[in-house]
Every structure is written in C-alpha cells, then in structure tokens.
Amino acid sequence: MVNGRSAKLARARELDPHGDYRLGRAETMDVDASFDLVFSYLSLIDIPDLGRGIAKMVAALRPGGTLLIANLTSFNTAGQPDGWISDGEGTLRFSIDHYMDERAISVAWRGIRIQNWHRPLSTYMTLLLDHSLQLRLFSEPQPMGGDPERNAMHRRVPYFHIMEWQKPA
C-alpha cells in the first residue's frame, strides 16, 4: 500500500524525474539552503519542537524558495479529543476549549492512536514570520465531492488550511 507521502513523492518524480526529493522529519533535516520547495502536509501538528522543525525547513530553502504547508486548523485541534458532541437536544456541536493553550492531544484515527499538538494559529504565524518569510497565500479550502454529511461538518468547522510562504531572495 502506498501512503500519502510516498504518493506525493512518486508524483513529483513523475513530473520532474531529475529533481532532488527528500522525505524526512523536519526537525532532523540537515540540508543546506538549496531547495526550491519544502512541503509540509498535515505534519506540523506532529512535531513536538515546532520551532526547531520550522527553522530546519527554512534552512533547507534557497533564497526565493517556497514553504508550502497544509495543516489542520487550530480550531479543529482545539476541539480534540472530544470534537463533535451531541447537545441535550441531539444536535451535533463542535466543542472548542482552551484554544490558547498549547498542548499534546491524543486522538484515534483509523484504528490507531496518535499524539498531535494543538497550537493557536498565532504560534504558527509568529514562528514563520520570525524567519522573515513572506506569506503569499492563506486558504481554508471547502470540501468538495465525497460524503455530503462529512462535507457539511467541515463547512461548520474547517478541517485544514493551506499556507504558501516565500523566503526572501
């Protein structure tokens, strides 16, 4: 079975077979400033030492390079582990609590238990801005296709966002 990371690398190699592609943990990368693109897909929430991870990603970028991030929204992670709960009348509500408190959260996903980190959006933004990165795009894509009920829930509570940052030339 091909996991999401392998599929993304395979697609990149298909589009540009001569490119230099690396799969690794952001906080342990040791590469020089030579990459045009560093891509983080739903992984910032997995990094305990986020400051180190972002610093390593930025260090891997050449001047003018792009850091592309897709991450769970802080609204979503602030609701974990309870998330959607039924109120007294049977209506589903998403419970957000302790939004400003950075913390480890344990969640179950597809039969496995994982540890993520909730951080307010300001934590991510401050760390990225502290590296003098320039925000080029911020998007909270709406769900399309798939299960209409799940899409309706993600319209009520956004699931993820996309950010494109550029390292100054």
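Reader: In strand 8, which residue stands opposite alanine 70?
Author: This is a predicted model. In it, strand 2 and strand 8 pair in the antiparallel sense. Their pairing runs over 7 bridges. Opposite alanine 70, in strand 8, stands isoleucine 162.

Reader: Which side chains of strand 8 point to the buried face?
Author: In a regular strand the side chains alternate between the two faces of the sheet. Strand 8 shows this alternation. Phe160, Ile162, Glu164 and Gln166 point to one face and are not buried. The buried ones, on the other face, are His161, Met163 and Trp165.

Reader: What is the bridge partner of leucine 135 in strand 8?
Author: Strand 7 and strand 8 run antiparallel, joined by 5 bridges. Leucine 135 has its bridge partner in strand 8. That partner is tryptophan 165.

Reader: Which element gives the most residues to the largest nonpolar core?
Author: In soluble globular proteins, nonpolar side chains tend to be buried together. Here the largest nonpolar core has 21 residues, and Leu44, Met57, Leu67, Ile69, Leu128 and Trp165 have the most contacts inside it. Strand 1, helix 2, strand 2, helix 4 and strand 8 each give two or more residues to this core. The top contributor, with 5 residues, is helix 2.

Reader: What covers the buried residues of helix 2?
Author: The buried residues of helix 2 are Leu50, Gly53, Ile54, Lys56, Met57, Val58 and Ala60. Their cover includes strand 1, strand 2 and helix 4.

Reader: Which residues of helix 4 are buried?
Author: Helix 4 spans residues 121-129. Its buried residues pack against helix 2, strand 2, helix 3, strand 6, strand 7 and strand 8. Those buried residues are Thr123, Tyr124, Met125 and Leu128.

Reader: Which residues does leucine 67 touch, not counting those up to four places away in sequence?
Author: Leucine 67 is among the residues with the most contacts inside the largest nonpolar core. So are Met57, Leu128 and Trp165, and leucine 67 touches these three. The full list is Val38, Met57, Leu61, Leu128, Leu133, Met163, Glu164 and Trp165.

Reader: Is serine 40 buried or exposed?
Author: Serine 40 lies in strand 1. Beyond residues up to four places away in sequence, serine 40 touches Met57, Leu68, Ile69 and Ala70. Its relative accessibility is 3%, and the cut-off for burial is under 20%. Serine 40 is therefore buried.

Reader: What is the relative accessible area of serine 86?
Author: Serine 86 lies in strand 3, residues 84-86. Leaving aside neighbours within four places in sequence, serine 86 is in contact with Thr91 and Leu92. Serine 86 counts as partly exposed, because its relative accessible area is 48%.

Reader: Which residues make the nonpolar surface patch of about 300 Å²?
Author: Leucine 37, in strand 1, is one of them. At 47% relative accessibility, leucine 37 is partly exposed. Patch residues need over 30% relative accessible area, so leucine 37 meets that cut-off. The patch is made by Leu37, Phe39 and Tyr41.

Reader: Which residue takes a positive phi in the hairpin of strand 5 and strand 6?
Author: Strand 5 and strand 6 run antiparallel and are joined by 7 bridges. Tryptophan 109 stands opposite isoleucine 112 in strand 6. The hairpin has 2 residues between the strands. The residue with a positive phi, near 50°, is arginine 110.

Definitions and conventions. Residues are numbered from 1 along each chain as its sequence is written. This is a predicted model: local features need pLDDT of at least 70, side-chain atom pairs count only at pLDDT 80 or more; totals for chains, interfaces and linings use all residues. Side-chain values use heavy atoms; hydrogens and water are left out. Buried means under 20% relative accessible area, exposed over 50%, partly exposed in between (1.4 Å probe, protein chains only). Helices (H or I, at least four residues) and strands (E, at least two) are DSSP runs, numbered from the N terminus. Contact means heavy atoms within 4.5 Å. A nonpolar core is a set of buried Ala, Val, Leu, Ile, Met, Phe, Trp, Tyr and Cys residues joined through side-chain atoms within 4.5 Å. Patches are made of residues with over 30% relative accessible area and no salt bridge: like charges are joined within 9 Å, nonpolar side chains (Val, Leu, Ile, Met, Phe, Trp, Tyr) within 5 Å. Accessible areas come from the Shrake-Rupley method with a 1.4 Å probe; for residues, only the protein chains shown count as cover. A salt bridge is a side-chain nitrogen of Lys or Arg within 4 Å of a carboxyl oxygen of Asp or Glu. Two strands pair if DSSP finds at least two bridges between them.
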